[in-house]
Amino acid sequence: MNRERSSIFSRITIYALLLAGAVAMLLPLVWMVLTSFKSFEEVLASPPVWLPKRIRWENYREALTTFDFIRYFANSTLVAAVNIAGTLVSCSLAAYAFARLPARGSKLLFALLLSTTMLPAQVTVIPLFSWFSALGLVNTFTPLMLPAWLGTNVFAIFLLRQFFVAIPKDFAEAARVDGASELRILFSVYLPLSKPALLTIAVFTFLGSWNDLWGPLLYLHDESKYTLPIALLNFVGLAGQARGSPWHLVMAVSTVMMLPVVVIFFLAQRRFIEGIAASGIKA
Amino acid sequence: MAQASRRSGESVWFWILVAPAVLGFLAFNLGPMIESLYLSFTKYDVISPPQYIGVRNYTYLIFNDPAFWPSVIVTAVFAAVSVPLGLISALAVALLLNRKVAGQGVFRTIYFLPSLLPATASGVVWVFIFHPTFGLLNRLLYFVGIEGPAWTQSVTWALPALIIMSLWGFGQPMVIFLAGLQDVPDSLYEAADLDGASRWQQFRNVTLPLITPVLFFNLVMGLIGALKVFDSAYVFGSTSGVGPGGPARATLFYALNLYQKAFSYFHMGLASAMAWLLFLAILALTAFNFWLGKRWVHSE
């Protein structure tokens, strides 16, 4: 009896805590969206105006047109798409080799590749920058896209290798007896069976590319080449008027920038959670 | 015979298929790593060729550079406060979510999502939240009768603001904790229940020992992440009007200092030396993690 009462009490406490935390987590996003619908006067008003009097969709039009937003969105999308394709192709090839093709030095090579996760970008950035400038590739998308095509996403190789190892060897043997080449076997047997891993990798590569500030900051100098993160910073800086940044428009842009991430998150939530959990278990 | 030729065929295929990754390893990791080590012993400004100067970059950083130690201290304070607070929050939420609550999925989504959002967009949102007059935080504080500080402009409050901002992103350690908690067998809790163990005793004697490896993993990853903080600090400084690192070096994180040395002042040799000190710190933390891992496995 007593135990039951205390358990109801503890349930209520748990929900209260979870709810309070959830409100705190959502508040910045709610504030962002509310602000994006306000007029500038409402943003600056004192005492504060919590809810906009009218939902101003026109803020979005204004924010997205005063600023060559369509282009930046397209640039970000292009870079992300090329990175996803490159990662899936180059990492599948390497993962298949590590999983199914015995060769001398394979284990050592795999360990070497994995060890690169410890190498911070700060160590490699200066030589890479000077090489890319010597090649005349600064201010192009190449420095942002080339690494993906050269299997630098070691986590992806690791994850795919795990998947491939779990696929029975007989499948490959049967195809081999039929005279299929290794590439054929990879593309027609292994990859179709590894869709969950491929999706996880695609989703994480998208995030990494879409959210990347460091690469564009170093390599993209012309405004026409900007991706969203650097364009947003530029917008906040340039828009700084006498009254301060037009925060309602800045919040509209931020909302639009977050939207694809939120949509993909809801479509592939399990992939995200398994991917992160796997990175913990790996250790 | 056929066996042998197949073996060699397989190893030829092996090298063909890993070729892109090997090239990537050489061109984007090993090569730049070696060159960066060399550059750390040179004076180099990109325009003229690097000039060997021995360990002078390192001694300059340690004894003369006005920004080096301030940036180490900012980073260390951030790590010392934000990592433990983040881990405690992540573990607390994971423990609550692990209790088979209704709506577990919804809560998990809400807590996890912020950590995935683009740091630039969420950074800008936070800078606005911290706005001295129009920001949400000071407006809420005013509501309860507190006059909030000018967060973004204040030497005292800028770093705490960045710490608050970082706590919003504890989603990743939380998910890893949750996975670890789900591996703790129910039978152990049932046995503890039968023995009349209180909730705290169950946590202390069952949960905590079993999730120690996960805890250490999150701790070390958190510390390494803190050493590399760049995006949020850059966004904070460049959109709040104080300039990256400001006000007065209050948010001059190590990685931000390194970036400015390299790409604002073109002190590439000096920046390379900073990068190698960072790398050594990360290696030490990783080695520490392995050592802890071994110890805990043996003591089981």
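The paragraphs below go from the two chains as wholes to their contact and then to two helices of chain B.

This is a predicted model, and the predictor gives the complex an ipTM of 0.90 and a pTM of 0.91. For chain B the mean pLDDT is 90, with 96% of the residues of that chain reaching 70 or more. As a caution in reading any such model, predicted coordinates should not be read in detail where pLDDT is low.

Chain A is built with 15 helices and 0 strands. Its radius of gyration is 24 Å, well over the 19 Å that the globule rule gives for 283 residues, so chain A is more spread out than a compact globule. The C-alpha trace of chain A spans about 75 × 75 × 35 Å along its principal axes, and 44% of the 283 residues of the chain count as buried. Among the contacts in chain A with a separation of 6 or more, 74% are accounted for by residues 24 or more positions apart.

Chain B, for its part, has 13 helices and 2 strands. The globule rule gives 19 Å for 300 residues, whereas the radius of gyration of chain B is 24 Å, well over that value, so this chain is more spread out than a compact globule. Taken along the principal axes, the C-alpha atoms of chain B fill a box of roughly 85 × 75 × 35 Å. Of the 300 residues in chain B, 42% are buried, and 70% of the contacts between residues at least 6 apart in sequence join residues at least 24 apart.

Where the two chains meet, the contact takes 73 residues from chain A and 72 residues from chain B. On the side of chain A that touches chain B, the largest share comes from helix α1 (residues 2-36) of chain A, which supplies 11 residues. Sorted by class, this side of chain A has 57 nonpolar, 14 polar and 2 charged residues.

Within chain B, helix α10 (residues 199-227) departs from a straight course: a straight helix of 29 residues would span 42 Å at 1.5 Å a residue, but this helix spans only 36 Å between its end C-alpha atoms. A bend of about 55° is found in α10(B) at B:T212, and a proline, B:P213, follows within four residues. The buried residues of α10(B) include B:T207 and B:I211, together with B:V214, B:F217 and, towards higher residue numbers, B:A226 and B:L227.

One of these residues can be followed further, since B:A226 lies in helix α10 of chain B and has 21 C-beta neighbours inside 10 Å, so it counts as buried; the cut-off for that class is 20 or more. Leaving aside residues up to four places away in sequence, B:A226 touches B:T75, B:F78, B:A79, B:S82 and B:V83. The C-alpha atoms of B:A226 and B:F253 are separated by 9.3 Å, although the two residues are 27 residues apart along the chain.

Helix α11 (residues 231-239) of chain B has 9 of its 9 residues buried, so this helix is largely enclosed by the rest of the structure. The buried residues of α11(B) include B:D231 as well as B:Y234, B:F236 and B:T239. Just after α11(B), B:G241 takes a positive phi of about 90°.

Note on methods:
Residues are numbered from 1 along each chain as its sequence is written. Chains are lettered from A and ligands numbered from 1 in the order in which they are written. This is a predicted model: local features need pLDDT of at least 70, side-chain atom pairs count only at pLDDT 80 or more; totals for chains, interfaces and linings use all residues. The radius of gyration is taken over C-alpha atoms; the globule rule is 2.2 Å times the number of residues to the power 0.38. A residue is buried if 20 or more other C-beta atoms lie within 10 Å of its own, exposed if 12 or fewer, and partly exposed in between; C-beta atoms are placed from the backbone. Two residues are in contact if their C-beta atoms, placed from the backbone, lie within 7 Å. Ala, Val, Leu, Ile, Met, Phe, Trp, Tyr, Cys and Pro count as nonpolar, Asp, Glu, Lys and Arg as charged, and the others, Gly among them, as polar. pLDDT is the predictor's confidence in each residue, from 0 to 100. The expected span of a helix is 1.5 Å times one less than its number of residues. The bend at a residue is the angle between axes fitted to the seven residues ending there and the seven starting there.
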